[in-house]
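Dear colleague,

I am passing on to you the structure that we spoke about, and I would be glad if you could look at it before reading my notes underneath.

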There are 2 protein chains.
Amino acid sequence: MKQLQVEADHPYSVHIGAGAFDLFADAYRSLLDAADQIVVIADERVAELHLSYLLDFLTDWDVRILTIPAGESAKSVETFMSCHSFLLSENCSRDSLLLAFGGGATGDVAGFVASTFMRGIPFIQLPTTILAHDSAVGGKTAINHELGKNMIGTFYQPKAVLYDSKLLSTLPPGEVRSGMAEVIKHAFISNEKWLEDLLAIRDFSSLTEEDLNHHLEKGIAVKAAIVEEDEFESGVRKYLNFGHTLAHALEGHLGYGKLTHGEAVVLGMSYALLLSEHSKLDKFISWSVANGYPLQLLGEIHFDALLPYMKKDKKSSKGQLNFVLLKQTGKPFIEKIEVQRASAAYEKLVLQIGEVI
Amino acid sequence: MKQLQVEADHPYSVHIGAGAFDLFADAYRSLLDAADQIVVIADERVAELHLSYLLDFLTDWDVRILTIPAGESAKSVETFMSCHSFLLSENCSRDSLLLAFGGGATGDVAGFVASTFMRGIPFIQLPTTILAHDSAVGGKTAINHELGKNMIGTFYQPKAVLYDSKLLSTLPPGEVRSGMAEVIKHAFISNEKWLEDLLAIRDFSSLTEEDLNHHLEKGIAVKAAIVEEDEFESGVRKYLNFGHTLAHALEGHLGYGKLTHGEAVVLGMSYALLLSEHSKLDKFISWSVANGYPLQLLGEIHFDALLPYMKKDKKSSKGQLNFVLLKQTGKPFIEKIEVQRASAAYEKLVLQIGEVI
């Protein structure tokens, strides 16, 4: 098992690998013992598959369970409020502890609940997807608004992240694909050699558990280093949004859940690479197609339909479109792009993708 | 004009007195100039009386106005979400600035919006009531849940508090009464001499603007000193809840708005003084009756109706009732009280009040 330390405002550890849940009764025993109530907020699909596995590690404590809708649909104000209702009806107090059990969406909404219940209670992230290697570290919490994704939330660090890789073995191919998008994003913004290793993968099902743990650890290390430098996203943390300006617009336009987050990010990264005139664009398009990311979707959506969403992006300001670009691997920067240039680049990308498919 | 500095995680100033709004174009000009959008969230009743007065100080900027329901009813999840909708529809970004114009409730909900819009934007508190001298300083934000007051919120400091005492001259007597309750609370937990001055008041309408500014400044200084020592309420900040365990239960039981917050706090303080066997209980009851606080209400409500609310209080833990008590003025402490003792004390208080009225 691997351990990484995140030196945020409130420092905490990320534990990656089989056996991570053994730490409840070990390193985190005193945290659990101190809680007057322990509540698990679990994605309903994850709960069906893995709740009994989790509870086997928690037999020393009396634990309450709340299941919430699976995936992104949980990030609604209704689910947010129903979590608060559950905590209050279970007589939770400021001394209660919350465990977020699920993918990134579960962590986002449960983290937002933890940060706002009685103005903040401790919580532990228990991510169950590859994608969540990204969101579980860094303390961003959020729910969605009909006018934009992740528009309502807080910066609030967990007490720990326990990432049990055993849970990843049951992930459906679509979830693996979604998660690997954020892994390769972390490679793009940090490390040429690692990026080359990832671009060589033509079929994710060929990855061993060891391979996967290795890539997850590298991804989390990149994320943790950036969070440590810029917890509240005033500087370098914005680089983590590589590919996300268009991704969020695609998700907003199509409605959350039509495209997985990782798929949207891969489409967004191909666009950012074209805007950057990065030499690996062709290779990335070919990698994306081989691994089943739906690049052809871009040809079916007009740029003008995405523009209003890009203008609302949290990275934009004074109405300009801000993108994270990348001329060289590992050297991201922010650039303001005029709408006309952005539109022309989009058309060019659609043509280029058409040539590969 | 007086100025106090609050040395919180993010330090800021509180400006008290006539002319505080002149600082928009002076000390805070660069903050307003830097904003890509300035939004005033105003209590609808306050907006009717004072919005044009406020806007006269903001003519250098293009300002958007959102009015929200008056008083405590604004602290709902619906108002919270409608504020976010407004900010998004006005294309606000992380560089936008929010001004909270109203009493404590407006500051609470607008502060919660500021702390969660795109994970946090700057805001300035513009309190318009005496009561808000308390809530505008210290960075507590909140909305209510049907199962409890202030259950959902954050700790989030404003960039500044501009407290223009001109606005206080139009306050109705009920609002003055409500606000003076938190003033005398601050005296109880800090300063015997000041408490005696306040207990000598038999009619709030006899206070001059100068008297009022003096008491507000003293109250804010007490609040600021405690917030500096304990921003996140893990220790001494709990003392500010003197009188509030019963007050919140009364508000919860009666429904928010039936009793003003200050009235509820005066009833709660009389109860805490009895539990404390404080020598000034009789004097305080007589002061309360003279100044029109509805102490007789306690005789109409059974203790058992209030108990569930007290058990849910944020200061309780592991199901016990926790109270802030006070044997000597200026020396508050926390004590766990058994339900039976709490119930007997309540009956005794009702009898004692009956003898005075």
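What follows is a short account of what was found, beginning with an annotated site in chain A and then turning to the way the chains meet.

Please bear in mind throughout that this is a predicted model.

The annotated site

The UniProt entry, which is unreviewed, lists Glu182(A), His244(A) and His261(A) under "binding site". Although these residues span 80 residues in sequence, no two of their C-alpha atoms are more than 10.2 Å apart, so they gather at one spot.

His244(A) lies in helix α9 of chain A, which covers residues 244-254, and it is buried, with a relative accessible area of 5%. If its neighbours within four places in sequence are left aside, His244(A) is in contact with Glu182(A), Lys185(A), His261(A), Val265(A) and Asp313(A), so that both of the other listed residues are among its partners.

His261(A) belongs to helix α10 of chain A, residues 261-276, and is likewise buried, its relative accessible area being 17%, where the cut-off for that word is under 20%. Its contacts, again without the neighbours within four places in sequence, include Leu131(A), Lys149(A), Ser178(A) and His248(A), as well as Glu182(A) and His244(A). With Glu182(A) there is also a polar contact of 3.1 Å, which joins the side chain of that residue to the side chain of His261(A).

How chains A and B meet

Chain B can be superposed on chain A by a rotation of 180° with 0.0 Å of shift along its axis, the RMSD being 0.0 Å. The two copies are thus related as by a two-fold rotation axis. Of the interface residues of chain B, 100% are also interface residues in chain A, so the copies meet through the same surface.

In this interface, 37 residues of chain B are in contact with 38 residues of chain A, and the area buried between the two chains is about 3300 Å², of which carbon and sulfur atoms give 62%. Between chain B and chain A there are 10 residue pairs in polar contact, counting pairs with both residues at pLDDT 80 or more, and two salt bridges. One of these salt bridges is formed by Arg94(B) with Glu233(A), whose closest N and O atoms are 2.9 Å apart.

On the side of chain B that touches chain A, α3 (77-89), α4 (104-116), β7 (140-145) and β8 (148-155) each supply at least two residues, and the largest share, seven residues, comes from α3(B).

With best wishes

Methods. Residues numbered from 1 in each chain as written. Chains lettered and ligands numbered in written order. Predicted model: local features only at pLDDT ≥ 70, side-chain atom pairs only at ≥ 80, totals over all residues. Heavy atoms only, no water. UniProt positions renumbered as here; feature names shortened; annotations may be inferred. Helix = DSSP H or I, 4+ residues; strand = E, 2+ residues; numbered from the N terminus. Buried < 20%, exposed > 50% of the residue type's maximum accessible area, 1.4 Å probe, protein only. Contact = heavy atoms within 4.5 Å. Polar contact = N/O pair within 3.5 Å; in protein donor to acceptor, adjacent residues only side chain to side chain. Least-squares fit on C-alpha atoms with pLDDT ≥ 70 in both. Buried area = accessible area lost by both parts, 1.4 Å probe. Salt bridge = Lys/Arg side-chain N within 4 Å of Asp/Glu carboxyl O.
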